[in-house]
Protein chains: 2
Amino acid sequence: MTIVQFEHRPGLLDLGWGHPRPELLPVDAWSRAGAQTLGTYGWQALAYGHATGPAPLVDWLCDHLGDATAEQTFVTAGASHGLALLTQLLAEPGDVVLVDSPTYHLAFKILTDHGVRLVRAPADEHGLLPAETAALARSLDAVFLYLVPTFGNPTGRSLPLDRRRELVSVGVPIVEDDTYRELSYGEPAPPALWRLAGEEGVVRLGSFAKTVAPGLRLGWINASPILVERLARLGYVHSGGGVNHAVALTMASFGASGAYDRHVAGLREAYREQRDALTGALRVPAPDGGWFVWLRLPDGVDAEALLPVAEEHGTSFLPGPVFYAGGGAGSEHVRLSFSHLPPAGLAEAAARLTAAIDAAAGR
Amino acid sequence: MTIVQFEHRPGLLDLGWGHPRPELLPVDAWSRAGAQTLGTYGWQALAYGHATGPAPLVDWLCDHLGDATAEQTFVTAGASHGLALLTQLLAEPGDVVLVDSPTYHLAFKILTDHGVRLVRAPADEHGLLPAETAALARSLDAVFLYLVPTFGNPTGRSLPLDRRRELVSVGVPIVEDDTYRELSYGEPAPPALWRLAGEEGVVRLGSFAKTVAPGLRLGWINASPILVERLARLGYVHSGGGVNHAVALTMASFGASGAYDRHVAGLREAYREQRDALTGALRVPAPDGGWFVWLRLPDGVDAEALLPVAEEHGTSFLPGPVFYAGGGAGSEHVRLSFSHLPPAGLAEAAARLTAAIDAAAGR
C-alpha cells in the first residue's frame with residue numbers, strides 16, 4: 001500500500017508516466033485556498049452541495065471558459081469520471097462507441113466497463129478523418145465518438161481547423177476530451193469542437209488535473225441543459241449533493257483569487273522548457289501544447305521490442321499499440337511524456353532512448 | 001444556482017432534511033487538517049493517488065474499525081458512490097435487488113440507475129425477516145439485499161441481534177449500509193453484519209458524511225480482496241488514481257491527530273440532546289442512535305394527507321411511503337429528522353406537528 005500512483009523504478013528516467021512533475025503542484029497556494037474557503041464559506045463548504053456543482057465554481061468557470069453557461073455545466077470528479085457518467089447515461093451494453101486512433105488508452109476501459117463495443121475511427125497522420133468517420137458512425141449506429149482533439153494524448157497534436165469544421169458538420173455525436181487545452185506553449189489552442197458546434201453536437205469534458213492537480217479529482221462537463229439535468233438526477237449525485245463539493249468550492253477560491261491564472265502561466269513556462277529539453281535532445285519537432293511527444297521510430301524498430309532495450313538503457317515509455325483500441329497498430333510509434341521529469345532528466349532520458357534505438361536498429 | 005443542497009423555506013421548521021446541523025460541521029478542525037496534510041505530504045497530497053485509497057487513511061481506518069484489513073478496504077466518494085460502484089460491478093440490467101422495507105429512499109434511484117429491479121424484502125415492526133427474505137432471494141435469484149441495519153434510515157431502529165445472526169446464516173449476499181454506526185447515544189451499536197459474517201457474505205458501506213461532513217464526499221467499502229481489486233481496476237478509478245485522493249489524505253490527518261475521535265464524541269452529545277428535545281416533546285420512545293424518529297400516526301391520519309396540514313402549521317417531514325420501494329405502504333408513518341435543527345427548534349417543530357396531527361385527526 002502506498003500513497004500515490006507513481007512508482008519510482010530505481011535507475012530509470014521514465015518517460016512513460018503522464019503525471020505532473022511533483023515540484024509543479026501548487027502545494028502552498030492550494031493550502032491557502034483551502035483555509036480561505038473554510039473562512040469564507042464556513043459550514044457551506046462541508047454540507048451537502050448543489051448537485052451540478054457549487055455556484056461560485058460554476059460562475060468562475062463559465063467566466064473563464066467564455067463559451068458555456070451555468071446551465072450547460074456539471075462539475076465532475078475529473079474527466080475520467082465525466083466519461084464514465086456520460087457512458088452510463090448515453091450508451092447501452094452492446095452499443096458502439098467510436099474512438100480516435102490513436103487516443104487516450106485509459107479511456108478504453110472506462111468505456112468498456114459499461115459494456116460498449118469500441119471501434120476505431122479512421123484517421124491519417126494529421127488526425128481523424130471526418131467524412132469517413134461519419135460514414136462508419138452511421139453504419140454502426142454509434143452512440144458517440146470520443147477524441148482528444150487538442151494537444152492530444154498520445155500525439156501532442158491538434159486536429160487541424162478545417163477538419164474540426166468538417167467534423168462538427170457531419171452529424172456525429174461527439175465527446176470532446178479537452179483536458180490539455182490550457183497547456184499551450186506557442187500558438188493558442190485551436191477552437192474547441194464545443195465552441196464550434198455548441199451543445200447540439202458536442203459534449204465537452206474538462207479537467208483541473210493537468211492545470212492544478214490530479215489528486216483533487218475535479219473537472220466538468222459542458223453539455224445541453226437537458227443532459228446536465230439528467231446528470232444531476234443520477235441517484236448517487238442527488239444523494240451525495242454533487243460529486244466533490246468541498247474541493248469544488250476550494251477551486252472557486254483558487255480561481256477567484258487569481259491563483260489559477262498565475263499557476264497556469266507558470267506551468268506553461270515550465271512545461272515549455274521541459275518540452276524543449278526533450279525535443280531538442282531528440283531533434284524532433286516540438287508539439288504546440290500538452291504533455292506528449294509521439295515519436296516515430298526508424299524503419300525496422302518495433303515499439304514493443306524496443307521497450308526492454310530502452311529499460312536496459314535506463315529509460316522507458318509507452319509503446320504505440322496501447323493507444324489503439326484492440327491493438328494491432330501503432331508499433332512504429334512510442335509515447336514520450338515530458339510532464340514528469342525536469343529538463344536535465346529529460347535530456348538524459350532522450351540520450352538513453354537514442355542509444356537504445358540505435359542498438360535496436362543494429363546501428 | 002446555489003452553493004448547498006439545503007433550501008430554507010421561510011416560516012418552516014423542517015424535519016424533512018437528513019442533513020447535519022450546520023453548527024456541528026468541523027470547519028476549523030478541517031481547515032487545520034488541510035494545512036497539516038499539505039505540510040506533511042506535500043506534492044503527494046495533490047498527485048494521482050493509490051487506486052484503493054492512500055495508505056495513511058486506509059491504515060488509520062482499519063485500526064479504527066478493528067474488523068477489516070487494508071486488503072478488504074476501498075476508499076469511495078461516499079456511501080452512495082460506493083453503492084453505485086457495487087451495483088455497476090455486481091448487477092446486470094434486469095437483475096433483482098432486494099431492499100429492506102422501509103429503507104433509505106435515495107438508494108432506490110442509485111440502484112435503478114443501473115437497470116435493476118427492486119423488490120421489497122419481508123419485514124415486520126422489528127425489521128427484516130431473515131428466513132422469508134432468504135426464500136424470496138432464492139426464488140428471484142436476487143444479486144444482493146440492501147439494508148441499513150444499524151440506527152437505520154428512516155426508522156432509527158437496529159435489527160435485533162438474533163435476526164442479525166440468522167440473516168448472515170441464510171446465504172443471502174448482503175450490502176450493509178453502516179452509515180450511522182458511530183452515532184450511538186446510549187447502548188453501543190449492535191455488531192455489524194460485516195463483523196458477524198466476514199467478507200464471504202457481506203459488503204459493508206461506510207461513510208464520513210455523518211461523522212465528519214457530507215460535502216467531503218468520502219467513505220469506504222469493506223469487501224473481499226477480490227472485490228476490492230475489481231473496484232480498483234474500474235477504468236475511471238485506475239485512470240484517476242482513486243476517487244477522492246486529496247480529501248482522503250486530509251481525513252487521514254484528521255483521524256491520526258485525534259480530531260476525529262474528539263469530533264464524534266462531541267456529535268454524540270449534541271445529537272443526543274437534539275434527539276431528546278424531539279422525542280421528549282412528542283412523548284415517543286427515543287431511538288438509540290442515528291438521525292431519525294419513525295413516528296407512528298394516529299389511526300385515520302395518513303402521512304401524505306398530513307404533509308400539507310403540517311406545512312400550514314409551520315413544520316414538515318418525509319411521509320412514510322417514500323421509504324418503500326414502489327410505494328403503496330408506510331402511510332401510517334412519517335420520518336422526522338433531529339439532525340438539522342437545534343433543540344429549541346426541534347421542540348417547537350414537535351409542538352407544531354402535534355397541532356397538525358390533532359387538526360388532521362379532527363380533534
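This briefing walks through the chain interface, the domains of chain A and a few local details of the structure above. The model is predicted, and every value below was computed from it. Chain A and chain B meet across an interface that buries about 5400 Å², and the rule finds zero salt bridges there. Inside chain A, two domains also pack against one another, burying about 2600 Å² between them. Welcome aboard, and let us start with the two chains.

**Where chain B meets chain A**

- The contact brings together 64 residues of chain B and 64 residues of chain A.
- Of the area of about 5400 Å² buried between the two chains, carbon and sulfur atoms give 68%.
- While the rule finds zero salt bridges across this interface, it does find 26 residue pairs in polar contact, with both residues at pLDDT 80 or more.
- On the chain B side, the elements that give two or more residues to the surface touching chain A are helix H1 (27-41), helix H2 (55-65), helix H3 (79-90), helix H4 (106-112), helix H9 (235-240) and helix H10 (245-256).
- H1(B) gives the most to that side, with six residues.
- Sorted by class, the side of chain B that touches chain A has 35 nonpolar, 24 polar and five charged residues.

**The two domains of chain A**

- Domain 1 of chain A is made of two stretches, 13-18 and 260-362, and domain 2 of chain A covers 44-257.
- If you take the centres over C-alpha atoms, 26 Å separate domain 1 of chain A from domain 2 of chain A.
- Their contact takes 28 residues from domain 1 of chain A and 29 residues from domain 2 of chain A.
- Carbon and sulfur atoms carry 60% of the area of about 2600 Å² that these domains bury between them.
- Three residues to look for are Tyr260(A), Phe323(A) and Ala325(A): together they supply 29% of the area that domain 1 of chain A buries against domain 2 of chain A, more than any other three residues.
- Here too the rule finds zero salt bridges between the domains, and the count of residue pairs in polar contact is 11, both residues being at pLDDT 80 or more.
- Helix H11 (259-282) and strand S11 (292-296) of chain A each supply at least two residues of the side of domain 1 that touches domain 2.
- H11(A) provides the largest share of that side, 10 residues.
- The residues on the side of domain 1 of chain A that touches domain 2 of chain A divide into 16 nonpolar, five polar and seven charged.

**Aromatic pairs**

- Over all chains, the structure holds 22 aromatic pairs.
- One of them joins Tyr180(B) and Trp291(B) in an edge-to-face arrangement, 6.1 Å centre to centre and with 65° between the planes.
- This pair links distant parts of the chain, 111 residues apart.
- Tyr180(B) lies in the loop between strand S8 (174-177) and helix H7 (193-197) of chain B, and Trp291(B) in the loop between helix H11 (259-282) and strand S11 (292-296) of chain B.

**Backbone details worth a look**

- In chain A, a cis peptide bond joins Ser101(A) and Pro102(A), with omega about 0°.
- You will find Pro102(A) in the loop between strand S3 (96-99) and helix H4 (106-112) of chain A.
- In chain B, the peptide bond from Ser101(B) to Pro102(B) is cis, and its omega is near 0°.
- Pro102(B) sits in the loop between strand S3 (96-99) and H4 of chain B.
- Arg217(A), a residue other than glycine, has a positive phi, near 50°.
- Look for Arg217(A) in the loop between strand S9 (202-207) and strand S10 (219-222) of chain A.

Note on methods
Residues numbered from 1 in each chain as written. Chains lettered and ligands numbered in written order. Predicted model: local features only at pLDDT ≥ 70, side-chain atom pairs only at ≥ 80, totals over all residues. Heavy atoms only, no water. Contact = heavy atoms within 4.5 Å. Buried area = accessible area lost by both parts, 1.4 Å probe. Salt bridge = Lys/Arg side-chain N within 4 Å of Asp/Glu carboxyl O. Polar contact = N/O pair within 3.5 Å; in protein donor to acceptor, adjacent residues only side chain to side chain. Helix = DSSP H or I, 4+ residues; strand = E, 2+ residues; numbered from the N terminus. Nonpolar A, V, L, I, M, F, W, Y, C, P; charged D, E, K, R; others polar. Domains from an automatic or database assignment. Phe/Tyr/Trp six-rings, centres within 6.5 Å; stacked < 30°, edge-to-face > 60°.
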